[in-house]
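Let us walk through this structure from its charged contacts to its surface and its pockets. Keep the model in view as you read.

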Amino acid sequence: MRLKFKMGKYWVEDNWNGGELRRVQTLSGGETFATSLSMALALSEKLSMGAELGSLFLDEGFGTLDADTLETVYQILESLRQQDRLIGVITHVKALGERLPQVKVRKSPEGSRLEVEIF
């Protein structure tokens, strides 16, 4: 997919369907999340103006992804982590959470505490 600005509106060029132009409102939840992630990564690189951006935090959105797209997103996050970037992910998707190092917050009447699990 490719995002285009045409006639004062944003469109998606759907390369799975011969380059058909679709309104952005027709994107599924998973497509919207993947597109938003791609745009955030591209904009962060562009706006950094040469400064190193060492972290990225994502809050949910993974529940809308099918298994193949979830795997693609995981591979992207893993490649960023291998470039010494800190990637913070908040998710309730067990399949993703099990593959990532975790910081868990445990609440109790005495207060909250953190548990860090690094693979």
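A salt bridge here is a side-chain nitrogen of Lys or Arg within 4 Å of a carboxyl oxygen of Asp or Glu. With that in hand, turn to the model, which is predicted. Asp14, Arg22 and Glu31 are linked in a network of such bridges. In the whole structure, a search finds nine salt bridges.

Start inside the network. Arg22 pairs with Asp14, and their closest N and O atoms are 2.8 Å apart. Are these two partners buried or exposed? Arg22 is buried, with a relative accessible area of 14%. Asp14 is buried as well, at 2% relative accessibility. The cut-off for buried is under 20% relative accessible area, so both residues fall in that class.

Next, look at Glu13. Its side chain meets that of Lys4 in a salt bridge, at 3.1 Å from N to O. Glu13 has a relative accessible area of 14% and is buried. Lys4 counts as partly exposed, at 34% relative accessibility. This bridge therefore joins a buried acid to a partly exposed base.

A third bridge sits in helix H2, residues 67-82. Here the side chains of Arg81 and Glu78 meet, with 2.6 Å from N to O. How far apart are Arg81 and Glu78 along helix H2? They are three residues apart, which means a separation of about one helical turn. Glu78 is buried, with a relative accessible area of 15%. Arg81 is partly exposed, at 41% relative accessibility.

Now move to the surface. Leu3, Phe5, Tyr10, Met39, Leu43 and Leu47 make a nonpolar patch of about 640 Å². Two elements, strand E1 (2-6) and helix H1 (29-47), each supply at least two of the patch residues. The largest share comes from H1, with three residues. Phe5 belongs to strand E1. Why does Phe5 count as exposed? Its relative accessibility is 55%, and exposed means over 50%.

Then come the pockets. The largest has a volume of about 880 Å³. It is lined by 28 residues. Val89, Leu100, Pro101, Gln102 and Val103 lie nearest its centre. Which elements each supply at least two residues of this lining? They are H2, strand E5 (86-90), helix H3 (94-97), strand E6 (102-106) and strand E7 (113-117). E5 gives the largest share, five residues. By class, the lining of the largest pocket holds 15 nonpolar, five polar and eight charged residues.

The second largest pocket has a volume of about 480 Å³. Of the 20 residues that line the second largest pocket, Met1, Glu31, Ala34, Thr35 and Thr69 are the closest to its centre. Glu31 was met above, as a member of the salt-bridge network. E1, H1 and H2 each supply at least two residues of the lining of the second largest pocket. H1 makes the largest contribution, with seven residues. The lining of the second largest pocket divides into ten nonpolar, seven polar and three charged residues.

Put the pieces side by side. H1 gives the largest share of the nonpolar patch, and H1 also gives the largest share of the lining of the second largest pocket. H2 holds the pair Arg81 and Glu78. H2 also supplies at least two residues to the lining of the largest pocket, and at least two to that of the second largest.

Methods: Residues are numbered from 1 along each chain as its sequence is written. This is a predicted model: local features need pLDDT of at least 70, side-chain atom pairs count only at pLDDT 80 or more; totals for chains, interfaces and linings use all residues. Side-chain values use heavy atoms; hydrogens and water are left out. Patches are made of residues with over 30% relative accessible area and no salt bridge: like charges are joined within 9 Å, nonpolar side chains (Val, Leu, Ile, Met, Phe, Trp, Tyr) within 5 Å. Accessible areas come from the Shrake-Rupley method with a 1.4 Å probe; for residues, only the protein chains shown count as cover. Helices (H or I, at least four residues) and strands (E, at least two) are DSSP runs, numbered from the N terminus. Buried means under 20% relative accessible area, exposed over 50%, partly exposed in between (1.4 Å probe, protein chains only). On a 1 Å grid over the protein atoms alone, a cavity is a set of points where a 1.4 Å probe fits but cannot get out, and a pocket is an open set with protein on both sides within 12 Å along at least five of seven lines; lining residues have an atom within 4 Å of a point. Grid points are joined across faces, edges and corners, and a volume is the space filled by probe spheres set on the points. Ala, Val, Leu, Ile, Met, Phe, Trp, Tyr, Cys and Pro count as nonpolar, Asp, Glu, Lys and Arg as charged, and the others, Gly among them, as polar.
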